[in-house]
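Reader: I'm new to looking at protein models, and the whole thing is a bit much at once. Could you pick the helices and walk me slowly through what they and their side chains are doing?

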Amino acid sequence: MKDSIVSLCKKLSNSSLFENFIIFVILLNSVLIGVQISYDHHIIELIQATALIIFTVEIFIRLIGSDTFKDYYTDAWNIFDVVLVAVAYIPENVFENHSLLVAFRVLRVFRVLRLLKAFPEIRLILSVLSKSLSALTYNALFFVIFMYLFSIIGVVLFKLPEKETATAEQLVVLEEYYKVAPNAPTCSMDPYGDLSETWFTLFRILTGEDWTDIRYNLIVASDMQLINVNHFIITFYHVTWFSLAAFLLLNLLVGAILNNYAIIMQEQRDKEKLQKKNRH
């Protein structure tokens with residue numbers, strides 16, 4: 001009897017029909033979690049409770065169908081499943097703090113990540129990203145170094161006078177400047193006011209978000225003698241950073257990922273050839 005149950009659970013665990021059913025339940029459950037944010041109904045609660053029971057049964061089926069308990073718990077995805085299902089059993093009324101309740105609901109949404117193990121293509125992408133981590137780390141360090149250098153240069157060259165320390169004459173010119181060339185949006189701070197704000201400005205330039213407006217405003221600030229930098233340096237700085245960040249540094253990251261993608265694809269082909277050879 002015991003052997004037949006284990007055999008049935010193992011068969012179910014490896015069944016594509018069972019896997020597709022679980023995927024459907026995960027998708028339905030995830031969609032309904034989003035629906036509950038703005039609309040709640042007792043039918044939704046009933047479906048969510050049923051989904052939780054299905055997830056629990058799935059865990060037991062996979063656990064019983066494993067060769068050993070060690071095989072089950074050494075799989076990170078299985079641990080992920082157990083934790084998410086266990087968290088779902090915690091009643092929401094135990095949270096007196098609203099922020100904790102929000103965090104609890106966010107954890108429930110993470111069930112959708114279980115789809116990552118269901119599709120070979122997604123597992124391939126994860127393998128590529130995992131293999132690319134070392135290369136991405138060094139590329140990211142290279143990127144941060146350049147960003148830091150350009151941030152320091154940006155603050156030194158383009159920082160506008162602060163209202164707290166500006167002279168009366170500078171304050172008058174500043175007021176006129178903000179009328180002629182307001183920040184976009186108008187509530188934003190000086191793009192090069194300090195190091196942290198400059199980092200964000202450089203990231204904004206990298207995305208292509210209105211970076212030319214920053215350059216135009218600085219030209220106006222230069223004409224109004226709020227900064228002692230000529231038009232050429234302003235243009236050269238921004239074009240150089242955009243070209244370096246958008247075309248060189250990002251392409252290095254993409255190149256590292258594509259290179260590892262090709263390596264993993266070749267490894268998979270070699271593995272499939274070996275399996276085919278062993279069958280024959």
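**A close look at the helices**

Author: Let's start with helix H5, residues 76–88: its 13 residues should span 18 Å at 1.5 Å a residue, and its end C-alpha atoms sit 19 Å apart, which agrees. Keep in mind as we go that this is a predicted model. Which residues of H5 are buried? They are Asn78, Asp81, Leu84, Val85, Val87 and Ala88.

You can do the same check on helix H2, residues 16–38. It has 23 residues, and the distance from its first C-alpha to its last is 34 Å, close to the 33 Å expected at 1.5 Å a residue. Look just ahead of it and you'll find Ser15, which caps the N-terminal end of H2. A side-chain oxygen of Ser15 lies 3.3 Å from the backbone nitrogen of Leu17.

Now for the buried residues of H2: Phe18, Glu19, Ile22, Ile23, Val25, Ile26, Asn29, Ser30, Leu32, Ile33 and Gln36. Here's a handy bit of background for reading a list like that. An α-helix has 3.6 residues a turn, so residues three or four places apart point the same way. Try it on Ile22, Ile26 and Ser30, which are among the buried residues of H2.

Did you spot Glu19 among the buried residues of H2? Glu19 is linked with Glu58 and Arg62 in a network of salt bridges. Let's zoom in on the Arg62 and Glu58 pair. These two form a salt bridge, and their closest N and O atoms are 2.9 Å apart. Both lie in helix H3, residues 42–65, and they are 4 residues apart, about one turn of the helix. In general, side chains of opposite charge can pair when their charged atoms come close. Are these two partners buried or exposed? Arg62 has a relative accessibility of 11%, so it counts as buried, and Glu58 is buried as well, with a relative accessible area of 1%. The cut-off for buried is under 20%.

A search of the whole structure finds 4 salt bridges, so let's visit two more of them, using the rule that a side-chain nitrogen of Lys or Arg must be within 4 Å of a carboxyl oxygen of Asp or Glu. Glu162 pairs with Lys159, at 3.0 Å from N to O. Glu162 counts as partly exposed at 36% relative accessibility, and Lys159 counts as partly exposed at 33%. Then there's Lys163, whose side chain meets that of Glu175 at 3.8 Å, N to O. Lys163 lies in the loop between H7 and helix H8 (168–180) and Glu175 lies in helix H8, so this pair ties together parts that are 12 residues apart in sequence. Lys163 counts as partly exposed at 49% relative accessibility, and Glu175 does too, at 41%.

Next, helix H7, residues 120–158. What does it give to the surface patch? It gives the most to the nonpolar patch, with 7 residues. The patch is formed by Tyr138, Leu141, Ile145, Tyr148, Leu149, Ile152, Val156 and Leu195, and together they have about 790 Å² of accessible area. Tyr138, found in H7, is exposed, with a relative accessible area of 62%.

Ser151 also has its place in H7, but it is buried, with a relative accessible area of 0%. What does Ser151 touch? Leaving out residues up to four places away in sequence, it touches Leu195, Thr198, Trp199, Leu202 and Tyr237. A polar atom of the Ser151 side chain also lies 2.7 Å from the backbone oxygen of Met147.

Last stop: two loops between helices. Asp210 is in the loop between helix H9 (195–207) and helix H10 (211–223). Its phi is near 50°, a positive value in a residue other than glycine, and Asp210 is partly exposed, with a relative accessible area of 34%. Move on to the loop between H10 and helix H11 (231–279), and you'll find Gln225. Phi of Gln225 is near 60°, again a positive value in a residue other than glycine. At 68% relative accessibility, Gln225 counts as exposed.

Methods. Residues numbered from 1 in each chain as written. Predicted model: local features only at pLDDT ≥ 70, side-chain atom pairs only at ≥ 80, totals over all residues. Heavy atoms only, no water. Expected span 1.5 Å × (residues − 1). Buried < 20%, exposed > 50% of the residue type's maximum accessible area, 1.4 Å probe, protein only. Polar contact = N/O pair within 3.5 Å; in protein donor to acceptor, adjacent residues only side chain to side chain. Patch = residues over 30% accessible without salt bridge, like charges linked within 9 Å, V, L, I, M, F, W, Y side chains within 5 Å. Areas by Shrake-Rupley, 256 points an atom, 1.4 Å probe, with all protein chains shown as cover. Contact = heavy atoms within 4.5 Å.
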